[in-house]
Amino acid sequence: MDNIHGWRAASDMKKLIHFRCILAVLGCLTALLANAQNTLTNGLVSQLDFENSVNDGAIPVESTLLLGGRYTNSDFGNLGRTIHFDGVSTQGVVLADAPWLKPSFLTVSAWMRTSSGGLMQIAAKGHYPESTVEQWSFYVNSDSPATTKVAFAIKRNSGGIQSQGWYFTSSPSIPLANQWVFLAASWDGTRMVLYVDGKQVDANSNVPPGPIDTFSGAGTPAGDIQIGRSTVPFYYFQGDIDQFKLHNRALSAAEIQSLYLQGGGTLKYEVALASARIVNGFFVQGDILKGGYGYTNVPKVRIVGGGGSGATAQANVTNFMVTSITVLTTGSGYTNTPSIWIDAPIPIGASATAIVNGGGIASVNVDYPGFGYTGEPVITLIGGGGYGAEVEPIIIDGLIQGFRIVKTGQGYTSAPFVRIDPPTSVQIPTASLDVGVKSIQVTLHVVQSHRYVLEGTSDFLNWIQLGDAFDAVTSSSVKVFDVGDAPGFFRLRDITYNP
């Protein structure tokens, strides 16, 4: 991500304990999983869990044939055991054609992991090996694992002609080498949508409306669902597949997220970014540079700087992303382009840079204002060769918008690192939900080799350590926290330099 509006790039922000707020993940996880219990079985016509047998968790069990493959441990989330294919023609899983496997509208989903490049079919509906009566295809297309794209295709108005009538969606290049990825794609009769790890990555509305092509009748071979092998004698899948599901309806974005979470995925929150357009001193347009992700409510938008005043705008959210900015008032007097600050989807920590002059701290500049601050966070200046400096944040509307120098300190020969504690204002969901959460597994984006501890409080004054301190072996550390009897608020504290 480029440096935009003077904010530090996302890769730098992650170094400042932007761990996406443990409790916000807990709250979304609990609510989505509770809702999923009631909706995700609606329209489920096929399911394969691949634990120890091809028929484990299968819906329906009598339609499945295992041609070859072996069961392995997934070492990820809730997947348990999975099925592995070696990319050869003798391996695959076949779901024999049946009326319920030919829905007019659908959602196809599965977890997969691969270390191979090239064109490989994950799952497809069609006759093997002639590729006739094709209906849909889910596949990987890459020159190498580093430039992998996932694609989903359906047939409309093909007239039963091989290779005709295909319509496509495709993801951006994503790193797939030996990583578990959750894939889902849907067709509702007017629009195709493709998801990776619970997030929409592509859509296609330029498709003739109506049901997916289906073929039947005397002399027409059945189009079986092929998992792990292509509908033609090439493109066999090499890697692992698990939790294959077929629904006879298009799942919503929230339902796709729920499937992802059920498999052990973690919500990935991203802050939306936008740029301003100024004409004759007026703010006339906000352009989305990055839609972010995880927005369950409309975030507040602020127009900051630029020499003018009075401009206001509103964000528009679709499928958890900010999709556009609506100008409410143009303001006036803008001589430079102002910054557009869009609140984060959850409380998230701020970052800043210290400026040294004459051995003391002359100022501290905001690189990113954070979001969700209801009280002053602990700010620690680390390194720089000096000592004694103290700063206080200026918090306005939940954002850190500046700093006051309390003590300049002395002896600083370089800028110290400014460590700002993240917000601690997200409460555990109440007991109104039917799902009880005693422990959670989350992916923490932390600083490699630093030491951390999880703390809880009920009054923001007395903090209690929960569990043992741990060292971050990597910048993305997976931890399980027992929160069953913990107080209502939490924070993750870096104790590397200040135990």
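## A buried charge network

R302 is buried in this predicted model. Its relative accessible area is 10%. The residue forms a salt bridge with D343, and the closest N and O atoms are 2.4 Å apart. This pair links distant parts of the chain. R302 sits in strand β18, while D343 lies in the loop between β21 and β22 (351–357). The two are 41 residues apart. D343 is buried too, with a relative accessible area of 7%.

The pair does not stand alone. Salt bridges with shared partners join K300, R302, D343 and D397 into one network.

## The sheet around β18

Strand β18 belongs to an open sheet of four strands. The order is β17-β16-β21-β18, and the pairing is antiparallel. β17 (282–290) and β18 (301–304) each have a single partner strand, so they stand at the edges with one side lacking a neighbour in the sheet. On average, neighbouring strands of this sheet are turned by 30° against each other, direction ignored.

Inside the sheet, β16 (residues 273–279) meets β21 (residues 339–342). Two bridges join these antiparallel strands. S275 stands opposite S339 in β21.

## Other salt bridges

How many salt bridges does a search of the whole structure find? The count is eleven. One of them pairs D213 with R156, with the closest N and O atoms 3.4 Å apart. D213 is in the loop between β13 (199–204) and β14 (224–227). R156 is in the loop between β9 and β10 (166–170). The partners are 57 residues apart, so far as the sequence goes, and link distant parts of the chain. D213 has 8% relative accessibility and counts as buried. R156, at 7%, counts as buried as well.

E255 forms a salt bridge with R249. Their closest N and O atoms are 2.9 Å apart. Are these two residues buried or partly exposed? E255 is buried, with a relative accessible area of 10%. R249 counts as partly exposed at 23% relative accessibility.

## Helix α3

E255 is one of the buried residues of α3. Eight of the ten residues of this helix (residues 253–262) are buried, so the rest of the structure largely encloses it. The buried set is A253, E255, I256, Q257, S258, L259, Y260 and L261. G264 follows the helix and has a positive phi, near 110°.

Y260 has an aromatic role as well. It forms one aromatic cluster with W111 and F182.

## Nonpolar cores

The largest nonpolar core has 38 residues. W136, F152, I227, I241 and F244 have the most contacts inside it. Leaving aside neighbours within four places in sequence, W136 touches a range of residues, including L106, V108, A123, F152, W166, I225 and F244. Another core lies apart from this one. It has 22 residues, among them F283, A315, I340 and I342.

## Aromatic pairs

The whole structure holds six aromatic pairs. In one, the rings of W136 and F152 have their centres 6.4 Å apart and their planes at 35°, so the pair is tilted. W136 lies in strand β8 (residues 136–142) and F152 in strand β9 (residues 148–155). They are 16 residues apart, and the pair links distant parts of the chain. Both W136 and F152 are buried.

W166 and F168 form another tilted pair. Their centres are 6.5 Å apart, with 35° between the planes. F168 counts as partly exposed, at 43% relative accessibility.

## A hairpin

Strands β19 (residues 309–318) and β20 (residues 321–332) pair in the antiparallel sense over nine bridges. N316 stands opposite S324 in β20. The two strands form a hairpin with two residues between them. In the turn, N319 has a positive phi of about 50°.

## Contacts across the sequence

D86 is found in strand β4 (residues 81–86). It is partly exposed, with a relative accessible area of 33%. D86 and F237 are 151 residues apart along the chain, yet their C-alpha atoms are separated by 7.0 Å.

F417 is placed in strand β27 (residues 417–420). At 35% relative accessibility, F417 counts as partly exposed. From F417 to L381 is 36 residues in sequence and 5.6 Å in space, C-alpha to C-alpha.

Methods. Residues are numbered from 1 along each chain as its sequence is written. This is a predicted model: local features need pLDDT of at least 70, side-chain atom pairs count only at pLDDT 80 or more; totals for chains, interfaces and linings use all residues. Side-chain values use heavy atoms; hydrogens and water are left out. Two strands pair if DSSP finds at least two bridges between them. Axes are lines fitted to C-alpha atoms, for helices over the stretch in contact, and angles run from 0 to 180 degrees between N-to-C directions. Buried means under 20% relative accessible area, exposed over 50%, partly exposed in between (1.4 Å probe, protein chains only). A nonpolar core is a set of buried Ala, Val, Leu, Ile, Met, Phe, Trp, Tyr and Cys residues joined through side-chain atoms within 4.5 Å. Contact means heavy atoms within 4.5 Å. Rings of Phe, Tyr and Trp (its six-membered ring) pair if their centres lie within 6.5 Å; planes under 30 degrees apart count as stacked, over 60 as edge-to-face and the rest as tilted. A salt bridge is a side-chain nitrogen of Lys or Arg within 4 Å of a carboxyl oxygen of Asp or Glu.
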